[in-house]
Amino acid sequence: MKNRSSCGNMIKYQLVARGIIDEKVLKAFSSVPRHLFVPDEIRYLAYNDSPLSIGEGQTISQPYIVALMMQILELKESDKVLEIGTGSGYQTALLAEIATEVFTVERINSLIQKAENLLNDLGYKNIFYRFGDGTLGWKDGNPEQNKFDKIIVAAAAPDIPESLTSQLAMNGKLIIPTGNRTFQQLVVITRTEDGYIHTNEGGCTFVPLIGDEGWQE
Ligand code: SAH
């Protein structure tokens, strides 16, 4: 009961009050129990207005920034989504509540294993997991058939990885924090018939994206 009211307050005061109005996003937040995605010792902080440590030097993102990124992406039921940086799996679950398929990549094996176990326990059947370097995206089979409607990167890159823009479907959107190690801008790239359109959605701070097309450690 306590968790339910904490979740309701999180949605009301952290999301709706700050301009999150996408009903699909709000419904997803009310369906996913955030407290199950944080370590036991800090479960009582799960619905706070902040990121939290999940071990291995990584964090579960602040609820508002996750909601904002999802709202900007304009997620649809028919979307095939690629997520880079599974972390706790919380955002993966939110995405899987809305989209038809979610492909998630994480570079720390213990984190993706834990997330996969939890998401399986919660009954998600539309999530595909991969341990590896997500700066390269999800390369499988025929690259022309393996494109994503939405790509969401939950870690900060020095530049936009070309592997990711090349895996965007026509009219698809990529959202990625881009900048230096301490401060970034949320950059959105939309693939159109006339090329890629970049927009800037404001400042943010994420853990670094480490890999071939990210930071080198
Ligand atoms: N969305 C997650 C946030 C995790 S923090 C959540 O809500 O819990 C970002 C994650 O990105 C970390 O787990 C980190 O290990 C991962 N990461 C960093 N570089 C990566 C890369 N190149 N490929 C895949 N994952 C990466």
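Helices are DSSP runs of H or I of at least four residues, numbered from the N terminus. In this predicted model, glutamine 14 belongs to helix 1, which spans residues 2-15. With a relative accessibility of 8%, glutamine 14 counts as buried, the cut-off for that class being under 20% relative accessible area. A polar atom of the glutamine 14 side chain is placed 2.9 Å from the backbone oxygen of tyrosine 47. When residues up to four places away in sequence are left out, glutamine 14 touches Asn9, Tyr47, Asn48, Asp49, Pro63 and Tyr64. Two of these contacts, Pro63 and Tyr64, are also listed among the buried residues of helix 3.

Helix 3 covers residues 63-73, and 11 of its 11 residues are buried, so this helix is largely enclosed by the rest of the structure. Its buried residues include Ile65, Val66, Leu68, Met69 and Met70, as well as Gln71. Helix 3 is followed by glutamate 74, which is located in the loop leading from helix 3 to strand 3. The phi of glutamate 74 is near 50 degrees, a positive value in a residue other than glycine. Most residues other than glycine have a negative phi. A further case is glutamate 217, with a positive phi near 60 degrees. Glutamate 217 is found in the segment after strand 9 and, at 61% relative accessibility, counts as exposed.

Helix 4, residues 90-98, is likewise largely enclosed by the rest of the structure, because 8 of its 9 residues are buried. The buried set comprises Tyr90, Gln91, Thr92, Ala93, Leu94, Leu95, Ala96 and Ile98.

Strand 1 (residues 52-55) and strand 2 (residues 58-60) are paired in the antiparallel sense over 3 bridges. Within this pairing, serine 53 has threonine 59 of strand 2 as its bridge partner. The two strands form a hairpin with 2 residues between them, and glutamate 56 in the turn has a positive phi of about 60 degrees.

An open sheet of 7 strands is also present, with the order 5-4-3-6-7-8-9 and mixed pairing. The edges are occupied by strand 5 (127-131) and strand 9 (195-204), each of which has a single partner strand, so one side of each is left without a neighbour in the sheet. From one strand to the next, the twist averages 15 degrees. Strands of a sheet pair through backbone hydrogen bonds, either parallel or antiparallel.

Both senses of pairing can be illustrated within this sheet. Strand 3 and strand 4 run parallel and are joined by 5 bridges, with valine 81 opposite valine 102 in strand 4. Strand 3 (residues 80-84) is mostly covered, 5 of its 5 residues being buried. Lys80, Leu82 and Ile84 point one way from strand 3, whereas Val81 and Glu83 point the other way, and all are buried. Helix 5 (residues 109-121) lies across strand 4 (101-106) and strand 5, and runs at about 165 degrees to strand 5.

Antiparallel pairing is found between strand 7 (residues 168-179) and strand 8 (residues 184-192), which share 7 bridges. Lysine 173 has threonine 190 in strand 8 as its bridge partner. Valine 187 also lies in strand 8 and counts as buried at 13% relative accessibility. Valine 187 and proline 177 are 10 residues apart in sequence, and their C-alpha atoms are 5.9 Å apart in space. The contacts of valine 187, not counting residues up to four places away in sequence, are Ile160, Leu174, Ile175, Ile176, Thr178, His198 and Thr199.

The ligand has 25 residues around it, of which Ser88, Glu106, Asp133, Gly134 and Ile210 come nearest. An N or O atom in the side chain of glutamate 106 is 2.6 Å from an oxygen atom of the ligand. In the side chain of aspartate 133, an N or O atom is 2.9 Å from a nitrogen atom of the ligand. Glycine 134 contributes a backbone N or O atom that lies 2.8 Å from a nitrogen atom of the ligand. Of the 580 Å² of accessible area that the ligand has on its own, the protein covers 99%.

Definitions and conventions: Residues are numbered from 1 along each chain as its sequence is written. This is a predicted model: local features need pLDDT of at least 70, side-chain atom pairs count only at pLDDT 80 or more; totals for chains, interfaces and linings use all residues. Side-chain values use heavy atoms; hydrogens and water are left out. Two strands pair if DSSP finds at least two bridges between them. Axes are lines fitted to C-alpha atoms, for helices over the stretch in contact, and angles run from 0 to 180 degrees between N-to-C directions. Contact means heavy atoms within 4.5 Å. A residue is near a molecule or strand if one of its heavy atoms lies within 4 Å of it. A polar contact is a pair of N or O atoms within 3.5 Å; within protein, one must be able to donate a hydrogen and the other to accept it, and residues adjacent in sequence count only if both atoms are side-chain atoms. Accessible areas come from the Shrake-Rupley method with a 1.4 Å probe; for residues, only the protein chains shown count as cover. Buried means under 20% relative accessible area, exposed over 50%, partly exposed in between (1.4 Å probe, protein chains only).
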